[in-house]
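Hi everyone, thanks for coming. Let's take a short tour together, and please keep the picture in view while I talk.

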Amino acid sequence: LGWASWTEWHSARDELGGVARALDHRSVQVRREGLRLATKLPEGEDCDRILLRKLLANSHYVRDIGRIHNSRIYCNAMDGSGARIELGPPSVMRDTDGLRMWIGARGIYAALGTSFLRMDPMSLIDMPLPDNTAVAVLDAESGHLLVHSEPLPQSLLEAAAKLRQGELRQDGYLAMVSSSEDSRTIDVAARPLSALQMAFLTSLPKRLSVGAALGALCFALVLAAFMRHYSLMSELRRALRMRSLDVALQPIVSAVGPEPRI
């Protein structure tokens with residue numbers, strides 16, 4: 001039972017840790033592509049629709065790119081200089097690099113200076129997920145939720161933002177928390193404890209049968225070793241080796257006949 005429980009937990013931790021590291025890698029890929037596109041934009045506030053579309057055609061994760069003034073997009077790849085998109089107050093403002101982010105139903109807008117890009121939040125978690133596994137990506141500086149595959153308890157996300165790296169058991173979940181290589185995101189992979197218990201019970205009959213077979217084999221081996229160690233031949237060999245064998249001769253007397261004889 002202890003072996004079955006340990007293997008189930010160990011397997012779940014390894015699997016969730018792998019998912020969290022995959023989220024780390026994807027989030028870094030998305031940001032690197034955004035930075036690469038932003039550096040290819042010319043200086044100033046000019047709107048070059050042809051250039052924007054060329055840049056966007058070679059991107060995998062970025063869905064739109066253009067120019068922004070404060071919170072108003074006045075140029076993008078789709079509409080050119082005719083864009084009129086008001087984003088309102090940003091959801092996240094970083095003091096370290098001046099990055100502004102708007103997180104909403106239309107996607108994640110990120111602006112640095114006069115350049116902006118829009119990402120599909122699902123691109124951060126667009127990967128195969130194991131059964132009964134939920135993932136979430138948090139902004140490392142603010143702890144703001146960027147995207148999740150399904151809702152997770154807010155207290156769990158807050159604890160993950162504080163932990164930043166390691167294992168977390170809270171609110172009925174086992175979660176593995178990982179920080180991306182550039183320390184920009186905190187990535188969480190979680191699984192309900194009830195799902196772990198169900199998996200443990202489902203695999204229990206098979207593991208108990210294996211355990212019983214191993215136990216019977218061990219018992220047979222121990223019994224064979226015991227019998228070999230304490231057999232009559234083993235005792236005789238030890239006595240000869242230790243020179244502790246005493247020979248006693250007893251005469252055999254025949255009482256048949258008029259006189260006994262040896």
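Let me begin with a question: which element gives the most to the lining of the largest pocket? It's helix α1, which supplies 8 residues. Before we go further, please remember that this is a predicted model.

Let's stay with that pocket for a moment. Its volume is about 530 Å³. The lining is made up of 26 residues, and the ones closest to the pocket's centre are Arg31, Leu35, Leu99, Ala110 and Leu117. Besides α1, strands β6, residues 107-112, and β7 each supply at least two residues of the lining. If you sort the lining by class, you get 14 nonpolar, 5 polar and 7 charged residues.

Keep Arg31 in mind, please. Side chains of opposite charge can pair when their charged atoms come close. Here, arginine 31 meets aspartate 182 in a salt bridge, with 2.8 Å from N to O. What does this pair tie together? Arginine 31 belongs to helix α1, while aspartate 182 sits in the loop between β11, residues 173-179, and β12, residues 185-192, so the salt bridge links parts that lie 151 residues apart in sequence. A search of the whole structure turns up 6 salt bridges.

Now for the sheets. Strands of a sheet pair through backbone hydrogen bonds, either parallel or antiparallel. One open sheet has 7 strands, in the order β3-β2-β1-β7-β6-β5-β4, with antiparallel pairing. At its edges are β3, residues 85-86, and β4, residues 92-93, each pairing on one side only. If you follow β4 inward, you find it paired with β5, residues 100-104, in the antiparallel sense over 2 bridges. In that pairing, valine 92 has methionine 101 of β5 as its bridge partner.

Two helices lie across this sheet. Helix α1, residues 2-40, lies across β1 (62-69) and β7 (115-119), at about 50 degrees to β1. Helix α2, residues 49-57, lies across β1 and β2 (72-76), at about 145 degrees to β1.

Over to the other sheet. How many strands form the open sheet that has β9 at one end of its order? There are 5, in the order β9-β8-β12-β11-β10, and the pairing is antiparallel here. β9, residues 145-148, and β10, residues 166-170, each have a single partner strand, so one side of each is left without a neighbour in the sheet. On average, neighbouring strands of this sheet are turned by 20 degrees against each other, direction ignored.

Let's look at β8, residues 134-139. This strand pairs with β12 in the antiparallel sense over 6 bridges, and with β9, also antiparallel, over 3 bridges. Leucine 138 is a good residue to find on your screen: its bridge partner in β12 is isoleucine 186, and leucine 145 in β9 stands opposite leucine 138. β8 and β9 form a hairpin with 5 residues between them, and glycine 143 in the turn has a positive phi of about 75 degrees.

Which helices lie across this sheet? One of them is α1 again, which lies across β8, β10, β11 and β12, at about 150 degrees to β12. Then there is helix α3, residues 154-163, which lies across β8, β9, β10, β11 and β12, at about 155 degrees to β10.

One last stop: the enclosed space. Rolling a probe the size of a water molecule over the atoms shows where empty space is left. Searching the whole structure gives 1 cavity of 30 Å³ or more, and its volume is about 30 Å³. Its lining consists of Leu41, Pro42, Asp46, Cys47, Asp48, Leu51, Leu52 and Arg67. By class, that makes 5 nonpolar, no polar and 3 charged residues.

That's the tour. Thanks for listening!

Technical notes: Residues are numbered from 1 along each chain as its sequence is written. This is a predicted model: local features need pLDDT of at least 70, side-chain atom pairs count only at pLDDT 80 or more; totals for chains, interfaces and linings use all residues. Side-chain values use heavy atoms; hydrogens and water are left out. On a 1 Å grid over the protein atoms alone, a cavity is a set of points where a 1.4 Å probe fits but cannot get out, and a pocket is an open set with protein on both sides within 12 Å along at least five of seven lines; lining residues have an atom within 4 Å of a point. Grid points are joined across faces, edges and corners, and a volume is the space filled by probe spheres set on the points. Ala, Val, Leu, Ile, Met, Phe, Trp, Tyr, Cys and Pro count as nonpolar, Asp, Glu, Lys and Arg as charged, and the others, Gly among them, as polar. Two strands pair if DSSP finds at least two bridges between them. Helices (H or I, at least four residues) and strands (E, at least two) are DSSP runs, numbered from the N terminus. Contact means heavy atoms within 4.5 Å. Axes are lines fitted to C-alpha atoms, for helices over the stretch in contact, and angles run from 0 to 180 degrees between N-to-C directions. A salt bridge is a side-chain nitrogen of Lys or Arg within 4 Å of a carboxyl oxygen of Asp or Glu.
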